[in-house]
Amino acid sequence: MLRFAAQRVASRAVRPQATVFRARQCLVANFGTTIRRQNAQDPSKPGDAVLEEHKKLQSDWTAPLVHYDTVKAWSERPSFDAYLIDVREPDETIQGIIPSAVTLPLSGMSKSLHLAATDFKAQHGYEKPLPHQEIIFYCRSGKRSQTAADIARRNGYKNVKSYDGSWLDWVKREQSPSSSS
């Protein structure tokens with residue numbers, strides 16, 4: 001009797017994960033069904049355009065790089081239409097961040113990009129970027145910022161870039177005597 005009860009508890013613990021997996025399968029299946037329905041209703045096949053756009057967003061790519069001069073100009077003239085996002089973890093941002101930048105740790109970025117705008121603002125303290133807005137990501141050395149740009153692009157953000165050199169380059173150039181002129 002005790003063994004049967006333990007098995008029942010264990011099987012219940014697995015169900016939520018299975019339900020999430022089934023829900024993801026349904027979403028993928030529904031996406032394909034929607035495209036097939038659109039193709040059947042309209043001979044011009046608008047679903048093909050949606051599928052092509054989806055494939056383009058999921059393809060491998062390398063984010064365009066920006067350099068110190070561009071980031072310096074952004075930090076001096078912040079805009080509500082563009083974001084400079086630090087993807088380092090909170091224990092790293094204690095060292096400092098580039099002026100006018102906001103933080104969005106890479107570890108939670110994908111989940112955050114799926115939040116509703118109000119939930120995003122409540123969690124991060126700033127407005128959620130819109131898919132068409134220009135975003136420059138930076139990290140410590142430039143590796144994670146490339147990953148962040150890739151994640152953003154795969155989530156529908158079209159105008160993303162990566163700061164080549166990132167925080168290490170920023171600190172080096174800001175501390176050099178020639179940058180204080």
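**Figure 1. Strand E2 gives three residues to the lining of the largest pocket, the largest share of any element.** The model shown here is predicted. The pocket holds about 330 Å³ of space. Two elements each give two or more residues to its lining: helix H3 (68-76) and strand E2 (82-86). In total, 13 residues line the pocket. Which of them lie nearest its centre? They are Pro78, Ser79, Phe80, Ala82 and Ser100. Sorted by class, the lining has nine nonpolar residues, two polar ones and two charged ones. How can such empty space be found? Rolling a probe the size of a water molecule over the atoms shows where space is left.

**Figure 2. Aspartate 86 sits in strand E2.** Is aspartate 86 buried or exposed? Its relative accessible area is 0%, so aspartate 86 counts as buried. Two polar contacts involve its side chain. One, of 2.7 Å, joins aspartate 86 to the side chain of arginine 88. Another, of 3.0 Å, joins aspartate 86 to the side chain of tyrosine 138. Now set aside the neighbours within four places in sequence. Aspartate 86 is then in contact with Thr93, Gly96, Ile97, Val102, Thr103, Leu104, Pro105 and Tyr138. Tyrosine 138 thus appears both in this list and in a polar contact with aspartate 86.

**Figure 3. Glycine 142 lies in the loop between strand E4 (134-138) and helix H7.** Its relative accessibility is 14%, so glycine 142 counts as buried. Which residues does glycine 142 touch, not counting those up to four places away in sequence? They are Ser162, Tyr163 and Ser166. Look at tyrosine 163. Along the chain, glycine 142 and tyrosine 163 are 21 residues apart. In space, 6.5 Å separates their C-alpha atoms.

**Figure 4. Lysine 143 belongs to helix H7, which covers residues 143-154.** Is lysine 143 buried or exposed? Lysine 143 has a relative accessible area of 66%, so it counts as exposed. By contrast, glycine 142 is buried. Lysine 143 also has a distant partner in sequence to compare. Glycine 165 is 22 residues away from lysine 143 along the chain. From C-alpha to C-alpha, the two are 8.7 Å apart in space.

**Figure 5. Helix H7 has the span expected of its twelve residues.** At 1.5 Å a residue, H7 should span 16 Å. Its end C-alpha atoms are 17 Å apart, so the two values agree. Which residues of H7 are buried? They are Ser145, Ala148, Ala149, Asp150, Ala152 and Arg153. A rule about helices helps in reading this list. An α-helix has 3.6 residues a turn, so residues three or four places apart point the same way. Just after H7 comes glycine 156, with a positive phi of about 100 degrees.

**Figure 6. The whole chain has eight helices and five strands.** In what order do the elements of the chain run from the N terminus on? The order is α-α-β-α-β-α-β-α-α-β-α-β-α. The chain has 181 residues, and 31% of them count as buried. Aspartate 86, with a relative accessible area of 0%, is one buried residue from the views above. Contacts also link distant parts of the sequence. Take the contacts between residues at least 6 apart in sequence: 62% of these join residues at least 24 apart.

How values were computed: Residues numbered from 1 in each chain as written. Predicted model: local features only at pLDDT ≥ 70, side-chain atom pairs only at ≥ 80, totals over all residues. Heavy atoms only, no water. 1 Å grid on protein atoms, 1.4 Å probe; cavity = no way out; pocket = protein on both sides within 12 Å on 5 of 7 lines; lining within 4 Å. Points joined across faces, edges and corners; volume = space filled by probe spheres on them. Helix = DSSP H or I, 4+ residues; strand = E, 2+ residues; numbered from the N terminus. Nonpolar A, V, L, I, M, F, W, Y, C, P; charged D, E, K, R; others polar. Buried < 20%, exposed > 50% of the residue type's maximum accessible area, 1.4 Å probe, protein only. Polar contact = N/O pair within 3.5 Å; in protein donor to acceptor, adjacent residues only side chain to side chain. Contact = heavy atoms within 4.5 Å. Expected span 1.5 Å × (residues − 1).
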